[in-house]
Amino acid sequence: MTISQAPASYRVISRRDETHDTVTLTLTPAADPIANVRPGQFTMLYAFGIGEIPISVSGRPGQHDLAQTIRAVGAVTTALCAMSAGQVVGVRGPFGTCWDEADAAGRDLLLVAGGIGLAPLRSALLAALSDRQRYRRVVVLIGARSPAELVFGGEIDAWEASGAEVMVTVDRADASWHGNVGVVTQLIGRAAVDPPNTTALICGPEVMMRLTARSLLATGMSAGNIRLSLERNMQCGVAECGHCQLGPLLLCRDGPVVSYQVAEPLLAIREL
Amino acid sequence: MSGVRVSELGQHAFARGLTTGQLEALAALAVGVEWQAGCRLFEEGGSAARLWLLRSGRVALDLRVPGRERIIVETLGPGDELGLSWLTPAAQWQFGAIAQLRASAFEFSSTALIDLCEADHELGYQLTRRLLVTAIARLQAARIRILDLYAAPASAAGGTP
């Protein structure tokens, strides 16, 4: 197997703790940068001496610096989450398909996020809000495990001030929480979406995405107007190793963003 | 005189698809109510004898847990039904309820609803079906939350990156 791209060196210029286990690193090129990243695409981030992982870009597109949000769940992600300003990582990419949120021009744009799935959607949201007049409503529905595990919670006021309608729900909360408690699909009815005129972007655990897509179909939306960000074992990033295969798709190239029209039959196959 | 108009009641998601006659029968039993934020509607263990169709605001279902703050089980908003425990033989609230935000609702006495359903089985069928759909949706949502989908993935044998 040939990996056709050597990692570019990027320096960490800032880190922000999102939750107890999730960090957003802002990276700047130490030498030649990678190509511009579009919302929904991912890079392979290399913690030197430890390993490489796929991470979606969570920042505003078209910028010199990269914002990448990482949850510490294993050796590589823990090493990346522990990084501080000045340290260097390797970056390959950008890889994969993008949200194509601009396709929703003149329509309602609905973003549905579960947990850390808000990270790749944040990039599309920031792009949409920077060109807000292109869309009718921009609605963001967020599900989190608990108030403390809500990523980007500190940005919601700014998103709303920029023209987004944001609703948050959590799975568990005590009486100090004054927001919604329940599953994110319960917010769909409250958001009063306009099914024929809505484009939906969904990212989160696969079960959450399936249930959300089904709920949207039940409102009358068509599968072709629903896009998911799918995750498999991305390794090479260039569709050579086959680890990320989902039926006929190699998700590092044909995904991660896939129309539900394509994804629905594939996700129905056990063990695929 | 309940003061609830048939046209208002007919706009609630619960009432969609009911005939004018059925809406009139329901509206005759309904009372419009409002709660200020922070108002407690009922406590766990109390006698369950009301159904509310929420029109605005937000109501939290909660549970007292010794040694901890109250746990919020679920929140309900406009278009939702509040108060299903009267459907069970014990007719006791399983959770408490508090208005998180100023809220309004159509309120029904469970006794009056049951009497109406006994007298009009077609309406009884329609109401039972709607309440069952709600109960199933809440059961499914509870099952999904049990899965704890947003928890950190357990490290796989091959190592989570």
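Start by selecting residues 50–56 of chain B, strand β3, together with residues 103–109, strand β8: six bridges join the two, and they run antiparallel. Before going on, note that this is a predicted model, in which local features need pLDDT of at least 70, side-chain atom pairs count only at pLDDT 80 or more, and totals for chains, interfaces and linings use all residues. Residues are numbered from 1 along each chain as its sequence is written, while chains are lettered from A and ligands numbered from 1 in the order in which they are written.

**Stop 1: the sheet around β3 and β8 of chain B**

Strands here (E, at least two residues) and helices (H or I, at least four) are DSSP runs, numbered from the N terminus. Strands pair if DSSP finds at least two bridges between them. Click on B:Arg50 and look across to β8(B): the residue opposite is B:Ser109.

Now widen the selection. Four strands of chain B make an open sheet, ordered β1-β8-β3-β6, with antiparallel pairing. The edges belong to β1 (31–35) and β6 (81–82) of chain B; each has a single partner strand, so one side of each is left without a neighbour in the sheet. As background, strands of a sheet pair through backbone hydrogen bonds, either parallel or antiparallel.

**Stop 2: the helix lying across, and its partner**

Add α3(B), which lies across β3 and β8 of chain B and runs at about 55° to β8(B). Axes are lines fitted to C-alpha atoms, for helices over the stretch in contact, and angles run from 0 to 180 degrees between N-to-C directions.

Next, show α3 (residues 110–119) and α4 (residues 121–146) of chain B, which pack at an angle of about 130° with their axes 5 Å apart. That makes α3(B) oblique to α4(B) (under 35 degrees is roughly parallel, over 145 roughly antiparallel, 65 to 115 roughly perpendicular, and the rest oblique).

Which residues do the meeting? From α3(B), pick B:Leu116, B:Cys117 and B:Glu118; from α4(B), pick B:Leu123, B:Gly124 and B:Leu127. Contact means that the C-beta atoms of two residues, placed from the backbone, lie within 7 Å. Colour this patch by class and you get four nonpolar, one polar and one charged residues. Here Ala, Val, Leu, Ile, Met, Phe, Trp, Tyr, Cys and Pro count as nonpolar, Asp, Glu, Lys and Arg as charged, and the others, Gly among them, as polar.

**Stop 3: β4 of chain B**

Jump to residues 59–63 of chain B, strand β4, where four of the five residues are buried. Buried means 20 or more other C-beta atoms within 10 Å of a residue's own, exposed means 12 or fewer, and partly exposed is in between, with C-beta atoms placed from the backbone.

β4(B) is joined to β5(B) by five bridges, antiparallel, and to β7(B) (residues 96–99) by four, again antiparallel. Centre on B:Asp62: B:Ile72 stands opposite in β5(B), and B:Gly96 stands opposite in β7(B).

**Stop 4: zoom out on chain B**

With the whole chain in view, you should find four helices and eight strands, in the order α-α-β-β-β-β-β-β-β-β-α-α along the sequence. The C-alpha trace spans about 65 × 30 × 30 Å along its principal axes. Buried residues are 30% of the 161 in chain B.

**Stop 5: across to chain A**

Turn on both chains. 32 residues of chain A are in contact with 26 residues of chain B. On the chain A side, β4 (51–56), α1 (75–81), β10 (173–174), β11 (180–181), α4 (186–190) and α5 (206–219) each supply at least two residues. By class, that side has 14 nonpolar, eleven polar and seven charged residues.

Zoom in on β10(A): two bridges join β10(A) to β5(B) (residues 71–76), running antiparallel. The residue facing A:Asp174 is B:Ile71.

**Stop 6: chain A's domains and A:Thr43**

Colour chain A as domain 1 (8–95) and domain 2 (101–229); these bounds come from an automatic or database domain assignment. Their C-alpha centres lie 24 Å apart, and 13 residues of domain 1 are in contact with 15 of domain 2.

Finish on A:Thr43, in strand β3 (residues 42–47) of chain A. Is A:Thr43 buried or exposed? A:Thr43 counts as buried, because 28 C-beta neighbours sit inside 10 Å. Beyond its neighbours within four places in sequence, its contacts include A:Ile34, A:Ile55, A:Val91 and A:Phe95.
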